[in-house]
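Thanks, everyone. I will go through some charged residues first, then the interface, then the second chain.

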Amino acid sequence: MSAFGTPETARQRSPGPAPGGLSALAQRWAERLYGWRWRLLPPLTGIAMFAMILGAVIVAPREAIEGEVQRLMYIHVPSANVMYAAVFAWLVASAIVLWKRDMRWDPIARSVAGVGWLFTGLTLATGALWGKPIWGTWWAWDARLTSTLILFLIFSAYLLARSLADESDEQVARYSAVFAVIGAVDVPIIYMSVRWWRTLHPQPVVANLEGPALPMSMLIVLLISLVAIVLLAIWLVALKSEAESAGHRLTAIRTAIDRRERA
Amino acid sequence: MDHLEYLFAGFAVFWGGLLFYLMWLQARLHGLNREIARLEERLAEAETPRPRAETGIATSRS
């Protein structure tokens, strides 16, 4: 199978429509969009990525004080936003696994955690590369950087725990869902750290009470970059979910073969 | 002042990281699907009853 997947398989797996009403219509559309994900995501992501690169490298103006290196903002800030969104999605999926014991959400939790780990790592790496010429150091143990590193370690611990255990082990899935709760506690600390403590990291330039502190040309490119990286993250989550589901299926087939050989 | 080397390094790390993750994911998915196909084939073979002549037992006793 390719990265573009098989729409037929997705359609077969999706549950049937609910009877009548507005919710049925919404569900039908959601199912249709889910079935089209391999047709929609690659071209949409490609177009958005092209616009992002064009905007970040050519269209956006050069920043007067920091110079060209400030263009790293167009990958660093959207990566950080995807990191926040991933923690939220991870928390929702893990909460359903934890309380409802619905194991259908476990592959989603694992997929989102994998992609969240990737974007947290990219946020730290691009931040260090931006920090060196501006702050004069790759790393500082300030509140924003340290709390982000803690989130990266939480993601790593979760993924390590899941990779060491059997994929279909429900107890491991429920216990490791606690990592998502700890990660979710860390997110408000990361976000508020620049307000609560004195940090090297600057205050938010977009999510301000006084409005965005960016020129419109930079703000538009930043929003395009955000859309592009969110689409890319959704694509990666969809692909990782396919891999997780395939892993579960493989375990089920192995169990069936073992049972048969013992009989 | 522009520190272009850091800009290039930042973009390289970002795109390189994404590409590496995508390729790793693609390879894993490919490997899993191949293993599933192999095991399904094995399971199907095990479920199909074999004709007696093919087992070799009948020929050795005759």
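Start with Glu68(A) and Arg71(A), whose side chains meet in a salt bridge at 2.5 Å, N to O. Both Glu68(A) and Arg71(A) are buried. This is a predicted model, so please read every distance as computed from predicted coordinates. As for the pairing itself, side chains of opposite charge can pair when their charged atoms come close.

Next to that pair in the sequence is Gln70(A). Where is Gln70(A) found? It is in the loop between α3, residues 37-59, and α4, residues 73-100, of chain A. Gln70(A) has a relative accessible area of 4%, so it counts as buried. Setting aside residues up to four places away in sequence, Gln70(A) touches Glu63(A), Trp130(A) and Met218(A).

Now the loop between α4 and α5 of chain A, where Arg101(A) is found. Arg101(A) is not a glycine, yet has a positive phi of about 55°. Arg101(A) counts as exposed because its relative accessibility is 54%, and the cut-off is over 50%.

A little further along, Arg104(A) and Asp102(A) form a salt bridge, with 3.0 Å between the closest N and O atoms. Are these two partners buried or exposed? Arg104(A), at 66% relative accessibility, counts as exposed. Asp102(A), at 19%, counts as buried, because the cut-off for buried is under 20%. I would keep that cut-off in mind when reading the label on Asp102(A), given its 19%.

Asp106(A) is in helix α5, residues 106-135, of chain A. Its relative accessibility is 1%, so Asp106(A) counts as buried. Which side chain does Asp106(A) join in a polar contact? That is Arg162(A), at 2.8 Å. Arg162(A) also appears in the contact list of Asp106(A), which leaves aside neighbours within four places in sequence. The rest of that list is Val97(A), Tyr158(A), Glu167(A), Ala173(A) and His248(A).

On to helix α7 of chain A, residues 170-196, which holds Glu170(A) and Arg174(A). The side chains of Glu170(A) and Arg174(A) meet in a salt bridge at 4.0 Å, N to O. The rule takes pairs within 4 Å. Glu170(A) and Arg174(A) are separated by about one helical turn, because they are 4 residues apart in α7. Glu170(A) is partly exposed at 40% relative accessibility, while Arg174(A) is buried with a relative accessible area of 18%.

Over all chains, the count comes to 11 salt bridges by this rule. Which residues are linked in a network of salt bridges? They are Arg110(A), Lys240(A), Glu244(A) and Arg28(B). That network therefore has members in chain A and in chain B, which brings me to the interface.

How many salt bridges does the rule find across the interface of chain B and chain A? It finds 3. Arg249(A) forms a salt bridge with Glu40(B), where the closest N and O atoms are 2.7 Å apart. On the side of chain B that touches chain A, the residues divide into 20 nonpolar, 5 polar and 6 charged. Between the two chains, 2 residue pairs are in polar contact, with both residues at pLDDT 80 or more.

In terms of contacts, 31 residues of chain B are in contact with 47 residues of chain A. The two chains bury about 3600 Å² between them, with 75% of it on carbon and sulfur atoms. Which residues of chain B lose the most area to chain A? They are Tyr6(B), Phe14(B) and Tyr21(B), which together account for 18% of what that side buries.

Last, chain B by itself. Its secondary structure comes to 3 helices and 0 strands, and along the sequence the pattern is α-α-α. Of the 62 residues of chain B, 21% count as buried. Chain B exposes about 4500 Å², and carbon and sulfur atoms supply 62% of that.

To recap, Glu68(A) and Arg71(A) are both buried, and Asp106(A) is buried at 1% relative accessibility. Between the chains there are 3 salt bridges by the rule, and the area buried is about 3600 Å². That is the end of my part.

Note on methods. Residues numbered from 1 in each chain as written. Chains lettered and ligands numbered in written order. Predicted model: local features only at pLDDT ≥ 70, side-chain atom pairs only at ≥ 80, totals over all residues. Heavy atoms only, no water. Helix = DSSP H or I, 4+ residues; strand = E, 2+ residues; numbered from the N terminus. Buried < 20%, exposed > 50% of the residue type's maximum accessible area, 1.4 Å probe, protein only. Contact = heavy atoms within 4.5 Å. Buried area = accessible area lost by both parts, 1.4 Å probe. Polar contact = N/O pair within 3.5 Å; in protein donor to acceptor, adjacent residues only side chain to side chain. Nonpolar A, V, L, I, M, F, W, Y, C, P; charged D, E, K, R; others polar. Areas by Shrake-Rupley, 256 points an atom, 1.4 Å probe, with all protein chains shown as cover.
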